[in-house]
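I have a new structure open and want to find my way around it. These are my notes, written as I went.

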Amino acid sequence: MKKRYRVFLALLVMFATGACLSKMSSHEMLSLQQLKWKHRIVVTTLVDNDAVNALAEQIKKNSDFFDERKLIVVVKVNDMLVEIKQNIMIEGNNKTQFLNRLQNNNTILIGLDGGTKATYPALNWQEIFADIDSMPMRRNEIERNIKDNK
């Protein structure tokens, strides 16, 4: 009975992973160099596809907060690395670059300049947004937005 249950769970995980992967584009390449000076990046580790789907929904509902901070999210789940908003799978040397930055941390923040700005024991958007909003480049962006809206 235990063997059947394990086989069922394995098939369920494979099916769920396959369903998530079917939405992803593996042809598009995403590297840290491409994102430098264009986006801030949160790289985080999640335990399963349900967590990925919940995070994707959270990002979609709050997209203004992410967009105004030029923030994209890369998720490591089941030995895969995925940019969550555009569903781009990151592979090869590009995957290695991200994983080398993540190392044993649960979550990291990479700034516009490509440098690792902070590490976090867990994914905490309030803390991440506060860290981003305290950065000099972000403060300049905020000031420019205020001036433009006057």
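The entries below go from the overall layout to single residues.

**Entry 1: the lay of the land**

First reminder to myself: this is a predicted model. I counted the elements and got seven helices and six strands. Walking along the sequence, I wrote the pattern down as α-α-β-α-α-β-β-β-α-β-β-α-α. The chain has 150 residues, and 36% of them are buried. I also looked at contacts between residues at least 6 apart in sequence, and 63% of those join residues at least 24 apart.

**Entry 2: the sheet**

In what order do the strands line up in the sheet? I read off β4-β3-β2-β1-β5-β6, an open sheet with mixed pairing. The edges are β4 (88-89) and β6 (116-120), each of which pairs on one side only. A note for the margin: strands of a sheet pair through backbone hydrogen bonds, either parallel or antiparallel.

I checked both ends. At one, β3 (residues 80-83) and β4 are antiparallel, joined over two bridges. V82 has M89 in β4 as its bridge partner. At the other, β5 and β6 are antiparallel as well, over four bridges, and I108 is matched with T119 in β6. The hairpin of β5 and β6 has five residues between its strands, and G114 takes a positive phi near 90° there.

**Entry 3: a helix across the sheet, and the cores**

Next I looked at helix α3 (residues 49-61). It lies across β1 (40-45) and β2 (71-77), and I noted an angle of about 170° to β2.

Then I went after the nonpolar side chains. In soluble globular proteins, such side chains tend to be buried together. Here the largest nonpolar core holds 20 residues, and L55, L71, V73, V75, L109 and W125 have the most contacts inside it. Helices α3 and α6 (125-133) and strands β2 and β6 each give this core at least two residues. Apart from it I found another core, this one of 14 residues, including L32, L81, F98 and I108.

I picked L55 for a closer look. Beyond its neighbours within four places in sequence, L55 contacts T44, L46, V73, V75, I84, L123 and W125.

**Entry 4: two helices with a buried side**

Which residues of α5 (residues 92-102) are buried? I listed N94, K95, F98 and L102. They span an arc of only 100° around the axis, so they sit on the same side of α5. Among the elements covering these buried residues are α2 (32-35), β1, β2, β3 and β5 (107-110). Just after α5, I noticed that Q103 has a positive phi of about 45°.

I did the same for α6, where W125, I128, F129 and I132 are buried. Their arc is only 95° around the axis, which puts them on the same side of α6. The general point behind this: an α-helix has 3.6 residues a turn, so residues three or four places apart point the same way. At the N-terminal end of α6, N124 acts as a cap, with a side-chain oxygen 3.1 Å from the backbone nitrogen of Q126.

**Entry 5: T44**

T44 is in strand β1. Is T44 buried or exposed? Its relative accessibility is 0%, so T44 counts as buried, the cut-off being under 20%. Leaving out residues up to four places away in sequence, T44 touches L55, V74, V75, K76, N106, T107 and L123. What does its side chain reach? I found the backbone oxygen of N106, at 3.4 Å from the side chain of T44. I also took a C-alpha to C-alpha distance: T44 and V73 are 7.7 Å apart in space and 29 residues apart in sequence.

**Entry 6: V74**

Last stop is V74, in strand β2. V74 is buried too, because its relative accessible area is 0%. Not counting residues up to four places away in sequence, I listed its contacts as I41, V42, V43, T44, L81, V82, E83, I90 and F98. So T44, from the previous entry, turns up among the residues V74 touches. From V74 to T107, 33 residues apart along the chain, the C-alpha atoms are separated by 9.8 Å.

Note on methods: Residues numbered from 1 in each chain as written. Predicted model: local features only at pLDDT ≥ 70, side-chain atom pairs only at ≥ 80, totals over all residues. Heavy atoms only, no water. Pairing = 2+ DSSP bridges. Contact = heavy atoms within 4.5 Å. Axes fitted to C-alpha atoms, helices over the stretch in contact; angles between N-to-C directions. Core = buried A, V, L, I, M, F, W, Y, C linked by side-chain atoms within 4.5 Å. Buried < 20%, exposed > 50% of the residue type's maximum accessible area, 1.4 Å probe, protein only. Arc of directions from axis to C-beta. Polar contact = N/O pair within 3.5 Å; in protein donor to acceptor, adjacent residues only side chain to side chain.
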